[in-house]
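Visitor: I have a structure open and would like to learn how to read it. Could you walk me through it, one feature at a time?

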Amino acid sequence: MMVRSIFTLFAKSPFIPLIQLADKVEECCDQVPVLFDAFFDGNYESVRGIAEQISHIEHEADVLKARLRDELPRTIFLPVDRRDFLDVLSALDAIADCAEDVGILFTLREMEPHEELIAPLKSLIRRVMATVAHAAATVRVLGTVAEAGFEGREAKRMLSMIDELGRLEHEADLVQDDLARRLFAIEDQIKPGSLYIWNKIFNKVGDMANHAERMGNRLRLFVAV
Amino acid sequence: MEIALWMAVAFGFYMAWSIGANDAANAMGTSVGSKAVTFKEAVVIAAVFEFLGALLAGGGVADTMRKGIVDPMIFQDPAFFPAGNGHEYFVWGMMAALISAALWIHIAAFLGWPVSTTHSIVGAIAGFGVVSVGVENVEWFKLGTIALSWVTSPIIGGIMAYFVFTIIRKFILDAEDPNRGIRLWAPALSSPAFTTLFLILFFKGLKGRHADLLALGFDDTMMFIASVVLGILASVVLGFFLRKITIAPDATSEVRHAVVERVFRYLQVITACFVAFAHGSNDVANSIGPLAAIVTTIENSKIATASVIPMWVLVLGAVGIVIGLATYGYRVIETIGTKITEITPTRGFAAEFGAAATILIGSKLGIPLSTTHTVVGAVIGVGFARGMNALNLRIIVDILKSWIYTIPFTAVLTVILYSLFTAIFI
């Protein structure tokens with residue numbers, strides 16, 4: 001006899017898998033500074049290995065994302081707008097995608113380090129990583145925000161974290177602009193192909209922070225009244 | 001008519017068994033889901049309070065079922081039954097209705113449709129009315145009132161649950177001073193909950209004793225006042241128990257929420273008991289109502305305007321429900337317990353309180369409503385207050401479908417069985 005119950009009414013909470021996805025994305029991005037360190041050390045074999053590793057983690061994140069999407073048919077009723085939720089999902093995914101792209105760009109051809117760029121590049125990576133880590137931390141707050149019904153002090157706490165996220169992204173932006181200027185200041189010393197790829201790498205690293213901020217702005221809509 | 005009596009007993013019991021097997025679990029779902037009670041505790045609570053509800057309070061709604069949709073006095077009318085054997089037609093008609101409803105509930109259980117036992121019997125009785133005394137003698141207005149309650153009761157349950165959860169969120173989950181939230185507001189908020197529960201107890205639970213109470217000068221107003229006073233008293237007792245609960249001012253939100261949920265776990269056990277009680281009292285009538293009608297008609301060889309439901313009939317219904325629970329219903333509860341993991345005690349309390357209060361209103365007005373669908377409405381109400389992480393609203397489509405199938409199926413099957421029985425036995 002089939003179990004006849006009205007409690008098929010309860011669907012799985014999508015917020016816990018969303019937090020898991022944020023963790024996975026952070027894990028993926030954490031490999032980016034490791035990759036740069038290997039590059040600065042001149043160990044290109046290791047760079048390729050780490051790029052592959054990033055790609056692997058990104059794929060795991062993709063699987064999590066796909067599963068989460070599959071569990072959100074139109075008949076699912078969420079305490080937040082379903083479209084906002086899916087936007088947060090795709091912004092998180094985009095962060096990991098950028099991390100993967102950075103790795104791939106390094107494997108297109110062997111890049112050579114330029115002394116003038118190392119210090120600001122390290123600074124950019126530090127700031128971008130801080131932004132991504134803060135984005136993941138903001139998603140993790142969703143557990144208690146949901147428990148408090150998306151209102152009140154928990155919601156305010158999340159909003160202030162999102163404000164901080166915007167500030168971190170802005171700082172990363174400034175460093176990224178500076179880095180681009182420095183790159184083109186020495187353009188004569190760099191091969192055109194290399195110049196092109198460096199520019200792309202900087203953009204992709206910066207985009208990790210941009211998508212983190214975009215995710216924050218979507219998250220903001222969760223608690224908007 | 002001997003055979004009719006035995007058939008009525010058998011099918012009345014079968015229907016009570018179905019209710020216990022398929023439906024009783026719905027009263028316990030939110031409590032098991034929120035881990036307020038364990039699976040075993042849920043089975044015990046369901047068994048005890050379904051039984052008590054059926055036995056102590058089951059009589060009230062049975063009356064409406066019997067007299068509301070078709071006036072049984074028509075069967076005494078020589079204009080309809082010149083041979084004066086109208087009561088025999090009545091007996092076989094109620095029999096057909098009982099069997100149709102019981103069969104349908106069983107079939108729906110196989111198909112996994114969330115049908116209401118109340119709708120099944122109402123549809124069956126309407127079918128019986130049409131085939132026996134004609135379309136014009138079915139109280140369509142009354143039927144409409146009942147059908148309307150199927151829509152309004154989930155909505156009322158939902159609105160109540162919405163407000164209960166909103167208040168819990170504002171004054172307890174998000175309180176400026178978490179200690180005052182718990183020590184003061186939790187008892188204060190549960191005061192109307194306790195009052196509602198006492199109202200159910202007085203107006204439904206002790207319905208059979210109302211005459212005795214009235215003799216002691218205890219009328220409806222007194223019962224209302226007593227419920228309010230007892231509700232406040234219960235809250236004071238609760239406040240006494242909660243007075244030592246302390247949340248450090250610098251505690252993290254996780255810690256705060258955990259303490260709140262622990263308190264609501266206890267409150268939810270109490271509301272769970274009353275939902276089981278209300279379900280037992282509301283739904284047992286679906287099986288014993290027709291049975292009682294058949295039994296008293298056969299005993300008197302005529303249809304009585306009003307008669308006391310025999311005690312043994314009530315016991316049969318109550319025992320049937322518990323046996324249904326013990327033989328099959330426990331598995332449904334177990335499945336629910338493992339499947340629902342997304343409900344917390346504050347949410348469960350809000351939903352159960354909304355549902356219990358709505359069932360009280362329904363029974364006070366004498367309108368049979370679906371406990372099952374009221375619980376669904378209450379849960380969705382909490383969802384609208386942004387209290388549920390995810391709800392699968394496809395269940396609403398399933399419920400609407402089951403409404404569309406239930407009435408025609410039980411009505412048509414009743415017509416067929418009625419024709420068969422009257423051809424064979426009369």
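Guide: Happily! Let's begin with contacts in chain A: among those between residues at least 6 apart in sequence, 85% join residues at least 24 apart. Keep in mind that this is a predicted model.

Visitor: What is the share in chain B, for contacts between residues at least 6 apart in sequence?

Guide: In chain B, 87% of such contacts join residues at least 24 apart.

Visitor: Which helices and strands should I look for in chain A?

Guide: Chain A has seven helices and one strand. Following the sequence, you meet them in the order α-α-β-α-α-α-α-α. The C-alpha atoms of this chain fill a box of roughly 75 × 40 × 25 Å along the principal axes, and 46% of its 225 residues count as buried.

Visitor: And how many helices does chain B have?

Guide: Chain B has 14 helices, together with one strand. Its C-alpha atoms fill a box of roughly 85 × 50 × 35 Å along the principal axes. Of its 426 residues, 57% count as buried.

Visitor: How can I judge the radius of gyration of chain B?

Guide: Set it beside the value for a compact globule. With 426 residues, such a globule would have a radius of gyration near 22 Å, and chain B has 22 Å, so the two agree.

Visitor: Now the place where the chains touch. How many residues of each chain are in contact with the other?

Guide: There, 30 residues of chain A are in contact with 41 residues of chain B. Strand S1 (76–77), helix H5 (142–147) and helix H6 (152–185) of chain A each supply at least two residues of that side of chain A. Sorted by class, the side of chain A that touches chain B has 17 nonpolar, seven polar and six charged residues.

Visitor: What does S1 of chain A pair with?

Guide: S1(A) is joined by two bridges to strand S1 of chain B, residues 391–392, and the two run antiparallel. To find the spot, look for Phe77(A), which stands opposite Leu391(B) in S1(B).

Visitor: Phe150(A) caught my eye too. Where is it found, and is it buried or exposed?

Guide: Phe150(A) is in the loop between H5 and H6 of chain A. It counts as buried because it has 21 C-beta neighbours inside 10 Å, and the cut-off for buried is 20 or more. Notice its backbone as well: Phe150(A) has a positive phi of about 60 degrees although it is not a glycine.

Visitor: Which residue of chain B, other than glycine, has a positive phi near 65 degrees?

Guide: That is Lys35(B), in the loop between helix H1 (2–33) and helix H2 (39–57) of chain B. Lys35(B) is partly exposed, with 18 other C-beta atoms within 10 Å.

Visitor: How do I check the length of a helix?

Guide: Allow 1.5 Å a residue and compare the result with the distance between the end C-alpha atoms. For helix H4 (residues 86–111) of chain B, the 26 residues should span 38 Å, and the ends are 37 Å apart, which agrees. H4(B) is largely enclosed by the rest of the structure, because 22 of its 26 residues are buried. Just after H4(B), Gly112(B) takes a positive phi of about 75 degrees.

Visitor: How far apart are the end C-alpha atoms of helix H13 of chain B?

Guide: They are 20 Å apart, in agreement with the 20 Å that the 14 residues of H13 (residues 371–384) should span. H13(B) is mostly covered, with 13 of its 14 residues buried. Just after H13(B) comes Arg386(B), with a positive phi of about 60 degrees.

Visitor: Which residues touch the most other members of the largest nonpolar core?

Guide: Within that core of 212 residues, they are Ala46(B), Leu98(B) and Ala356(B). Helix H10 (residues 253–300) of chain B gives the largest share of the core, 19 residues. Leaving aside neighbours within four places in sequence, Ala356(B) has contacts including Leu197(B), Ile200(B), Phe274(B) and Val275(B).

Visitor: Last one: is Ala248(B) buried or exposed?

Guide: Ala248(B) counts as exposed because it has 10 C-beta neighbours inside 10 Å, and the cut-off for exposed is 12 or fewer. You will find Ala248(B) in the loop between helix H9 (220–242) and H10 of chain B. Ala248(B) and Tyr418(B) are 170 residues apart in sequence and 69 Å apart in space, C-alpha to C-alpha.

Terms used. Residues numbered from 1 in each chain as written. Chains lettered and ligands numbered in written order. Predicted model: local features only at pLDDT ≥ 70, side-chain atom pairs only at ≥ 80, totals over all residues. Contact = placed C-beta atoms within 7 Å. Helix = DSSP H or I, 4+ residues; strand = E, 2+ residues; numbered from the N terminus. Nonpolar A, V, L, I, M, F, W, Y, C, P; charged D, E, K, R; others polar. Pairing = 2+ DSSP bridges. Core = buried A, V, L, I, M, F, W, Y, C linked by C-beta atoms within 7 Å. Expected span 1.5 Å × (residues − 1). Rg over C-alpha atoms; globule rule 2.2 N^0.38 Å.
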